Amino acid sequence: MFRRHGLRAAAAACCATALFASPALAGGDGPGAPGAGDDYFPGYGNGGYDVSHYDIQLRYQPADDHLRGTTTIVAKPTQNLTAFNLDFALTPKSVLVNGLPAEFSQNGTELTVTPSETLPEGSLATFVVNYEGVPSTVEVDGLNPWIRTSDGALAVGQPEISAWWFPGNDHPRDKATFDIAITVPEGTEAIANGVHTDTSSLAGWTTWKWRTTKPTATYLAFFGAGQYEVNARTGAFGQPYVSAYSEGLGELEGPAKASVERSPEVLEFLSGVLGEYPFEAQGGLVSSEGMNFALENQTRPTYSHLFFRKGANTSVVVHELAHQWFGDSVSVDTWRNIWVNEGFASYAEWLWSEAQGTGTAQELFDHYYAQYPADDPFWQVAPGDPGKDAVFHSAVYDRGAMTLQALRNVVGDEVLLDTVRTWVAQKQYGTATVEEFIELAEQKSGKQLDELFNAWLFTKGKPPVGEATGVPASALRASVAPPAAVAELDHTHSLLHDH
C-alpha cells in the first residue's frame, strides 16, 4: 500500500497449515471469539468458524450513496458453535443461518449472531445477511473508511474497509474466494476483483459480475462504482486484464495510462524474480478523486490520480503488483508483521530500478541510509514490530527495503533469490510472520543472522556500518547525484508519508 488510509483506524484504534488459514482462538464449545487474536487490532476478525466463500450481491445508487445488499457466507464451524460474530458496520435487516432465522445484535462493527440451533464442528454452514444503509454516514469509533466520490464510491482501504459493504470475518487469517455482483444505474461502471464474468442490463440498471477464485483477505476485496473508461484485453501469461480510468482524470489521464498499462510488463518481470504469478486476473483502477493512496486490491490495485501529477510513475505500479505476492498471496499473520508486506514491496521497486538501469539497489540503499542522520526519528521505529500507531510508518517501507539489501550484502544474490522464491512458494495463499522469514533466511544461507535482523528490524536506532549488519562503507557517503529512480521514488513516497 502507498499512503496509510488504514492508519486512521490505528490512530483510533511456520507456514499456513491449510489452504484457507483458520482464524485464531477457535476450538471448544459455545460462542466463537469476537476477535482473531491480533494484538494490534483485537477487534478484527472472529473465532469459531472458517469462511471458504463470499457471495456478495449489491445494489448501489451513486446519487445518494445508498447501498442495499445480500451477502451469503459459506463457512465451516471450528467448534460446536452456539453463537458467532461478523464484522459489519451497516444495518442488518435479517440474518439466516442454514436457512433459518437467527437472532442478532450489533455493537459498532461487531454483529453477534445466535442461530436457532448449535452448529456442529466441521459441518457446512451458510450465513445470509440482508442489509442496507448509506456507508458514508456510518462512523464507528471515529472511523469511516468509505470513499464517496462525485459519481459514486470506492470501497477501498487498509486494514479495514469490508465492514462498510459486506459482513465477514475481517482478518487475513481467514481468506476466502469471492463472487461480487454490483447493480448500478445504467451508464455507471462497477469494477471489482478477479475475472469479469458478466454484464447485463434491465429496467435502467446494469449488473456487473466479478469472480476471484483464489483465497483473498477481506480487506483486499474491493469495488469502485462511477464513471470509468473500462478496457479489457489479454495481459501477461494469457490472463484477462481489465483496467479502469476515471473519466475525470483530465491531463493526468495520459501519465496514468502510461504507468498502469505497463502492468503486464511489470508482472512478467516480477514473476521472473519471485516465481509464478499467484492469481487468475490482473489490471488496475485509477480514481480522479477521493483517494490519496494506492492499495494492492487482489488482482486489481487501485491508484490515486495524485501519483501521476508529475508524469508517469511505474514505481507505484511495481509496488502494488509486488504486493500480489507479498501481502495478498503471502499475508500478515497479524498486523505486527506488516514488514512482510511493505518491506518486500518497497524492495521490489529497487529491483525494478536496477533492471531498468536507473539506479542499483545498493545505490538506493546508500541514498536512503545517508539521507536520515542517526538522530532522525525515522530510526526510532523498528519495522519488525512497529507498534499499532506506526503500522504504515515510512520506516516500515524504506528501512524495510534497506533490510533486504543488507541481507543481500551478507548472503549474496543467489541465496537471497532462493530464500524469497521459497518463501512465496511455501506460504502461498496463507499467512506468515517476520520470524518465519528470518528462520528461512538462516536455513538457506547457513548463517546465523541475529545481528543483522536485530539491528534492522527490532532495534531502534541507525544500524552501524559493518559486515554483520550488511552496511558497506559506501553508505556513509551522501549521493552527489542520486540515481534517476530517486526522484520518482521520492514523489511516490511523499504521498505515503505526507498524509
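**Strand pairing in a predicted model**

Student: In this predicted model, over how many bridges do E5 and strand E6 (residues 100-101) pair?

Tutor: The model is predicted, and in it E5 and E6 pair in the antiparallel sense. Two strands count as paired if there are at least two bridges between them. For E5 and E6 the number of bridges is two.

Student: Which residue in the hairpin of E5 and E6 takes a positive phi?

Tutor: On the strands themselves, leucine 96 stands opposite proline 101 in E6. The hairpin has two residues between the strands, and a positive phi near 55° is taken by asparagine 98.

Student: What is the bridge partner of threonine 91 in E9?

Tutor: Strand E5 (residues 91-97) is also joined to strand E9 (residues 125-133), and these two run antiparallel with six bridges between them. Within E9, the bridge partner of threonine 91 is glutamate 132.

Student: Which strands are the edge strands of the open sheet with the order E10-E11-E16-E13?

Tutor: This open sheet has four strands in the order E10-E11-E16-E13, with antiparallel pairing. An edge strand here pairs on one side only, which holds for strand E10 (147-149) and strand E13 (189-192).

Student: By what angle are neighbouring strands of this sheet turned against each other on average?

Tutor: The pairing in the sheet of E10, E11, E16 and E13 is antiparallel. With direction ignored, its neighbouring strands are turned against each other, on average, by 15°.

Student: What is the bridge partner of isoleucine 191 in E16?

Tutor: E13 and strand E16 (residues 223-226) run antiparallel and are joined by four bridges. In E16, the bridge partner of isoleucine 191 is glycine 224.

Conventions
Residues numbered from 1 in each chain as written. Predicted model: local features only at pLDDT ≥ 70, side-chain atom pairs only at ≥ 80, totals over all residues. Heavy atoms only, no water. Axes fitted to C-alpha atoms, helices over the stretch in contact; angles between N-to-C directions.
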